[in-house]
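Dear colleague,

Please find below the structure that I am handing over to you. My notes on what was found in it follow directly after.

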2 protein chains.
Amino acid sequence: MEQFLAEAKAASRELALIGGAQKNAILRQMASALRGATMDILEANALDMKAAEENNLNSALKDRLLLDEKRIDAMAVAVEEIAALKEPVGRVLDGWVTDDGLKIEKVSIPIGVIGIIYESRPNVTSDTAALCFKSNNVCVLKGGKEAEHSNAVIAKVLQAVLKNNGLNEAVISLLPDATREGVAKLIRMDRYVDLIVPRGGEGLIRYVSENATVPVVKHDKGQCHTYIDRDADLQKAVRIAVNAKVDRPGVCNAMETLLVDRAVAAEALPQLKAAFDEAHTQLKGCGETREIIDVAEATEADFDTEYLANILNIRIVDGVGGAVGHIVRYGSGHSEAIVTENYSTAEYFLDAVDAAAVYVNASTRFTDGGAFGFGAEVGISTNKLHARGPMGIEGLTTYKFKIYGSGQIR
Amino acid sequence: MEQFLAEAKAASRELALIGGAQKNAILRQMASALRGATMDILEANALDMKAAEENNLNSALKDRLLLDEKRIDAMAVAVEEIAALKEPVGRVLDGWVTDDGLKIEKVSIPIGVIGIIYESRPNVTSDTAALCFKSNNVCVLKGGKEAEHSNAVIAKVLQAVLKNNGLNEAVISLLPDATREGVAKLIRMDRYVDLIVPRGGEGLIRYVSENATVPVVKHDKGQCHTYIDRDADLQKAVRIAVNAKVDRPGVCNAMETLLVDRAVAAEALPQLKAAFDEAHTQLKGCGETREIIDVAEATEADFDTEYLANILNIRIVDGVGGAVGHIVRYGSGHSEAIVTENYSTAEYFLDAVDAAAVYVNASTRFTDGGAFGFGAEVGISTNKLHARGPMGIEGLTTYKFKIYGSGQIR
C-alpha cells in the first residue's frame, strides 16, 4: 500500500504540469472510450447485479447500482461536461505588490493526491476521476464492494486512455486493498495523500473523521429545517415547505423538521396538513401541534433523525428566536430556511443561523452544485473549513504564493 | 472540560452577532487595561522567571519569557493595531444570481471556537486573544507551563474588560486542564471546538495531527531552500543566500540548504564561502562541493534537518531539474527560492515547486504576514488546505452562503 501511494504521489507531480488543452482532449477521449466499452461495462455490471440479487440488496440500492446503455452514455456526457468547465488551476486569486516591491500572486494549484471513498453508484467512479483529472489531481478511488466489477472496468477504460497519452496510470486508480484495513491505512498516509473525501453512511464518515491523519472533507448528514414566521406569506410558506420535504425526501438537502411560529400556528397548521396529506407525507408533531392538527407524536429522538424518507416533524416555536434555538440544538449546519416577508426577521435569521446555506423564502432543495451554478459537483461539504456547502471543482484546488522579486533581502 | 467547552460554544453564538464598532472599542479598552495592569503582569512574570531560573531554562527561552514595561506596552500596541484592522467578518466574498433567480452571497463568518496551543512568549496570549476577538471567534488558549503565571494575569485582564462590557468571559479563556491529558481531550472535542492551531515543537504538532478529530492548521517546520541557477546574477545570488540564512537563523523561513547549479559551482562556491565565512556561518557540503571549497561533510540526515541555527548545507545539483528533485525529496512545503535571470527557468521553478511561497530572486525570509502586508499574523500555516503560508486574520474566518429567494421551489 505504501509503495502504491508513493507512486500516486510521484504521479501527482508530473500531472501538476499538464495544461488545459491536453487535459480536455484526454477527457473527451475518456468519454468516447466509455461509450466504446459499453458492452464490457454492462457485462461487469451484470456480475454486480447478480451478487446484489444473491445478497438481497433492496430495490433502491439495486437501482443505484444498475447500469444500462443510457446511463453509460450519461456517464460519458458528464465527463464531456467536465472537460468543458473553466480551467480550475492557475487562476490568479489575488495579487499585489508589497512595500518591499515584491510582486505576490496567489495562484490556484491542485491539491495533489485525493482519496475518495464512496458507495453504490458506479457513475461516481468516472465523475470523480474526471473532476480530479480536470483539476490536475491524482485520485485513489475506493468504491463500494457491491459495485466492484463495474468500477474495475470503468477504471481500466480510463487508465487505458491515460496510457495511450503517455501518462502514468497511477493518475486514476482504485485502492488496491479495498477492505476496512485498506481504508484504515489510506486515511493515515498523510505523507502521500493530501485529502480524503468520504461520501456515504454516517458510520463510515465517523470512522474516517475519528481516525484520519489526512485532512478530511466530509459529506455528512443534512438535518435541515424550514421555519414559517408570523410574517410569512402562508401560501408561499406551504409551497416551500412541501417542496423541501417531498421533492426528493432521500437527499441531504430535504427538510426533516418544520418549525412554525406560535403566532400563526392555528392558521397555518391545517393548511400545511392538507397539503402534506395530499403528498402522502407522514407527519409527527410536538404536543402543541397535536392540539391543533391530528398527527402522531414527535419524540426528542425524532428531532435528531435524518429520515431520508417522506416523514416530517412539526414543532411550534416562539418566533424567530425559538426557531434559531431549535436549529442551534438540532441542525447539522447544512441548509436552513425561513419564510417571512419581514426584513429585520429575515436578516436576523441569515446572521444568526450558522449553516452552509441559509435561505429566505426558498426551498432548501437548492443546496447543490448544479442549482448554485457550479457546473460539476464534488459533493456537499459539511466541513466548516476548506470547502463548505456545495463543492465545485474549485474545492479540489488549493493555492500557493508566487513571488517575483528583483534581489530583495531583509 | 466538556461543560467548559460547551459554554465556549454557546458564547461563540452570542459573539458572532457583535459588530465592528463595539469590537474595536473593547479591543482599545483591552489595550488600556493591559497598560494599567503593568505592575500585576510584571509580578506574575517574576514568578515565571524565578521558576525558569530554578528549572535551568536556557537564555534564549528566558528571553522569550521575560516581560518588561516596554514589552507590555508593545502588547497593548499590538492589540490596538488589531483593532485598526479592516473588519474581517461579513465580507461578501462572491455573489451571483442563479438561473432560478436566487440571489446567492458568499459571506465571511467566524469559525466559532478556536483552540490555540503555544509556548513561551506571553505576548502570544494577548495577540491571539485579540485576533480571535476581532474575528468574532471564541478562543481557548493553552500556553506553555513556563509562562503560566504571566498568561493567567493577562487573560484575567482581558476577561475583566469583557465582563465590563456585558460579554461572556468564556469568550477568552485559558484551558482549565493545561496538562497533556487536557490537550488530548481538547483536540477530540469536535462537537464544541471548530479549529485547533498548534504552534510549537515538532513533537507537539505531530501529536496533535495524529490524534485530533478537530480540524488542525499546523504551524510546522520550514525546511527551506535557495537554488542558484546557471543564469543567476551571482552578486545578487550571494546577497540573497546570505540573507536567507543569516538574517534570523532561528525562524522557520530561514534557508537550511543552498543548492548550486553544477554549471556555475566552480565560480560561485568560493564567493559564497567568503561571504558566509564573514557571517560566521558553519558550512557543510556534498562531496562535489568539498572538491571546490573546504567545508565539513553534509550527510543525508543533514539535508533533512531544520537547524534553526547559523549552519548551512550546500549541495551541487544538475540544473533546475536537479534542484526541484532535491526540493521534492527534502522540502517541507514552506518557502523555496530560485536565483536566475532566465525567464523560462524561473517560470518552470515557480510552477514545479509545491510550497506555500515560491520566490524568484528574493530571500525566503519574506514569508510572514507582516512582509506580505497582512497586518497581523496568526502564524505561518504548513497546511495545504484552509490556510497556506502566512495566515492573516482572514484565516480565522470561514463562510456561509446567504440565499435570498422569492418563493423558489424545485
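**Strands, contacts and helices**

In the hairpin formed by β1(A) and β2(A), five residues lie between the strands, and A:Gly101 adopts a positive phi near 85°. Please bear in mind that this is a predicted model.

The two strands of that hairpin, β1 (residues 92-97) and β2 of chain A, run antiparallel and are joined by five bridges. Within this pair, A:Val92 is placed opposite A:Val107 of β2(A). Strand β2 (residues 103-110) of chain A is also joined to β16(A), by eight bridges, and these two strands run antiparallel. Two of the residue pairs may be useful when you inspect the model: A:Ile104 has A:Ile403 as its bridge partner in β16(A), and A:Pro110 has A:Thr397 as its partner in that strand.

**Where the chains meet**

β16(A) also reaches across to the other chain: five bridges connect it to strand β13 (residues 357-362) of chain B, and the two run parallel. Here A:Tyr404 stands opposite B:Val360, while A:Lys402 has B:Val358 as its bridge partner in β13(B).

The contact between the chains takes 57 residues from chain A and 57 residues from chain B. On the side of chain A that touches chain B, the elements giving two or more residues are α9 (202-211), α10 (234-246), α15 (343-352), β13 (357-362), α16 (369-372) and β16 (397-408) of chain A. The largest share of that side, eleven residues, is provided by β16(A). By class, the side of chain A that touches chain B has 27 nonpolar, 14 polar and 16 charged residues.

A sheet made of strands from both chains is also present. Ten strands form this open sheet, with mixed pairing, in the order β10(A)-β9(A)-β11(A)-β8(A)-β7(A)-β12(A)-β13(A)-β16(B)-β2(B)-β1(B). Its edge strands are β10 (296-297) of chain A and β1 (92-97) of chain B, each of which pairs on one side only. Inside chain A, β8 (residues 255-261) and β11 (residues 311-317) run parallel and are joined by five bridges; in this pair, A:Asp261 has A:Val317 of β11(A) as its bridge partner. Helix α14 (residues 319-330) of chain A packs on the sheet, where it touches β7 (224-228), β8, β11 and β12 (335-339) of chain A, and its direction makes about 135° with that of β11(A). Helix α15(A) lies across β12 and β13 of chain A together with β16 (397-408) of chain B, and runs at about 160° to β13(A).

**Helix α10 of chain A**

What span should the 13 residues of α10(A) have? At 1.5 Å a residue they should span 18 Å, and the end C-alpha atoms are 18 Å apart, which agrees. The buried residues of this helix include A:Lys236, A:Ile240, A:Asn243 and A:Lys245.

**Domains of chain A**

The domain assignment divides chain A into domain 1 (2-220 + 382-404) and domain 2 (224-370). The C-alpha centres of these two domains lie 35 Å apart. Their contact takes seven residues from domain 1 of chain A and eight residues from domain 2 of chain A. The side of domain 1 that touches domain 2 has two nonpolar, three polar and two charged residues.

One loop residue of chain A is also described here. A:Leu57 lies between α3 (38-54) and α4 (59-65) of chain A. Is A:Leu57 buried or exposed? A:Leu57 counts as partly exposed, because it has 18 C-beta neighbours inside 10 Å, whereas 20 or more would make a residue buried. The C-alpha atoms of A:Leu57 and A:Glu146 are separated by 9.2 Å, although the two residues are 89 residues apart along the chain.

**A four-stranded sheet in chain B**

Chain B has an open sheet of four strands with parallel pairing, in the order β5-β4-β3-β6. β5 (172-174) and β6 (195-198) of chain B stand at the edges with a single partner strand each, so one side of each is left without a neighbour in the sheet. Four bridges join β3 (residues 113-117) of chain B to β6(B), and B:Gly115 stands opposite B:Ile196 there. Helix α1 (residues 2-15) of chain B lies across β3, β4 (138-142) and β5 of chain B, at about 140° to β4(B). Helix α6 (residues 123-134) of chain B also lies across β3, β4 and β5, at about 160° to β4(B).

With kind regards

Technical notes: Residues are numbered from 1 along each chain as its sequence is written. Chains are lettered from A and ligands numbered from 1 in the order in which they are written. This is a predicted model: local features need pLDDT of at least 70, side-chain atom pairs count only at pLDDT 80 or more; totals for chains, interfaces and linings use all residues. Two residues are in contact if their C-beta atoms, placed from the backbone, lie within 7 Å. Ala, Val, Leu, Ile, Met, Phe, Trp, Tyr, Cys and Pro count as nonpolar, Asp, Glu, Lys and Arg as charged, and the others, Gly among them, as polar. Two strands pair if DSSP finds at least two bridges between them. Domain bounds come from an automatic or database domain assignment. Axes are lines fitted to C-alpha atoms, for helices over the stretch in contact, and angles run from 0 to 180 degrees between N-to-C directions. The expected span of a helix is 1.5 Å times one less than its number of residues. A residue is buried if 20 or more other C-beta atoms lie within 10 Å of its own, exposed if 12 or fewer, and partly exposed in between; C-beta atoms are placed from the backbone.
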